[in-house]
Amino acid sequence: MPQGEPVALLIQGYNYTDDYIESFTVNGQGGGNIFESGPESGGGKSVCCASYTPGTPLPIRLKVRWTSSYCSYTTTNQYGETRERRRPRWSEAEVLLTEPPVAPARALEVHFFPDGHVEAAITPGHSPPRLKLPRDADYNRPGAARPRPPCSAAEMQS
């Protein structure tokens, strides 16, 4: 199939996890932050832009990096006062676009699921969320824990 002229796609993130996604990238292009999904929404947000050339052979390999949840560490100041601090934890996934894009190609959707897997699709625009998760009055997922494990040496270096 012949390739067309490159087009700029919105990067549309959907967050179905229990954590706020502070930042994410697709092949190094920034995707912004994404709130958690709730009963009325998929936690989505759009930013500009990812480049796509229509006719690019499938599968298309994407590298998705994101920061969500936190690890914890303690500091002690000169007066002996100890405080717990936190650092965002980075995760990474390789995602394959295997489905032909739905024309007209206007958005690169990235879906973050509760089990840690990530899916992507090129779409004509904002799709409905794939999951709508329950939330309580404080907007927490019923039964979801938010542990902050200690930071590893590698996380403290980043």
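Are Phe-24 and Phe-112 buried or exposed? In this predicted model, both Phe-24 and Phe-112 are buried, and to see where these two residues belong it helps to begin with the strands around them.

Four strands come together in an open sheet, and, read across the sheet, their order is 3-2-5-6, with antiparallel pairing. At the edges stand strand 3, which covers residues 29-34, and strand 6, which covers residues 82-97; each of them has a single partner strand, so one side of each is left without a neighbour in the sheet. From one strand to the next, the twist averages 20 degrees.

Within this sheet, strand 5, made of residues 60-76, pairs with strand 6 in the antiparallel sense, and the pairing runs over 16 bridges. As an example of how residues face one another here, Ile-60 stands opposite Leu-97 in strand 6. Strand 5 also holds Ser-72, a residue that is buried, since its relative accessible area is 12% and the limit for calling a residue buried is under 20%. Leaving aside residues up to four places away in sequence, Ser-72 touches Glu-84, Arg-85 and Arg-86, and it also touches Arg-148, Pro-149, Pro-150 and Cys-151.

We can now turn to the aromatic rings. A pair of aromatic rings is described by the distance of the centres and the angle of the planes. In the whole structure, a search finds four aromatic pairs. One of them joins Phe-24 and Phe-112, whose ring centres are 5.3 Å apart and whose planes stand at 75 degrees, so the pair is edge-to-face. Because Phe-24 lies in strand 2 (residues 21-26) while Phe-112 lies in strand 7 (residues 107-112), this pair ties together parts that are 88 residues apart in sequence.

Phe-112 also forms an edge-to-face pair with Trp-66, with 5.2 Å from centre to centre and 65 degrees between the planes. Trp-66 lies in strand 5 and Phe-112 in strand 7, and therefore this pair ties together parts that are 46 residues apart in sequence. Like Phe-112, Trp-66 is buried.

Elsewhere among the rings, Tyr-14, Tyr-16 and Phe-113 are linked by ring pairs into a cluster. A ring can also have a charged side chain as its partner, as with Trp-90: Arg-65 lies over the face of this ring, at 4.5 Å from the ring centre.

Terms used. Residues are numbered from 1 along each chain as its sequence is written. This is a predicted model: local features need pLDDT of at least 70, side-chain atom pairs count only at pLDDT 80 or more; totals for chains, interfaces and linings use all residues. Side-chain values use heavy atoms; hydrogens and water are left out. Two strands pair if DSSP finds at least two bridges between them. Helices (H or I, at least four residues) and strands (E, at least two) are DSSP runs, numbered from the N terminus. Axes are lines fitted to C-alpha atoms, for helices over the stretch in contact, and angles run from 0 to 180 degrees between N-to-C directions. Buried means under 20% relative accessible area, exposed over 50%, partly exposed in between (1.4 Å probe, protein chains only). Contact means heavy atoms within 4.5 Å. Rings of Phe, Tyr and Trp (its six-membered ring) pair if their centres lie within 6.5 Å; planes under 30 degrees apart count as stacked, over 60 as edge-to-face and the rest as tilted. A charge sits over a ring if NZ of Lys or CZ of Arg is within 6 Å of the ring centre and within 35 degrees of the ring normal.
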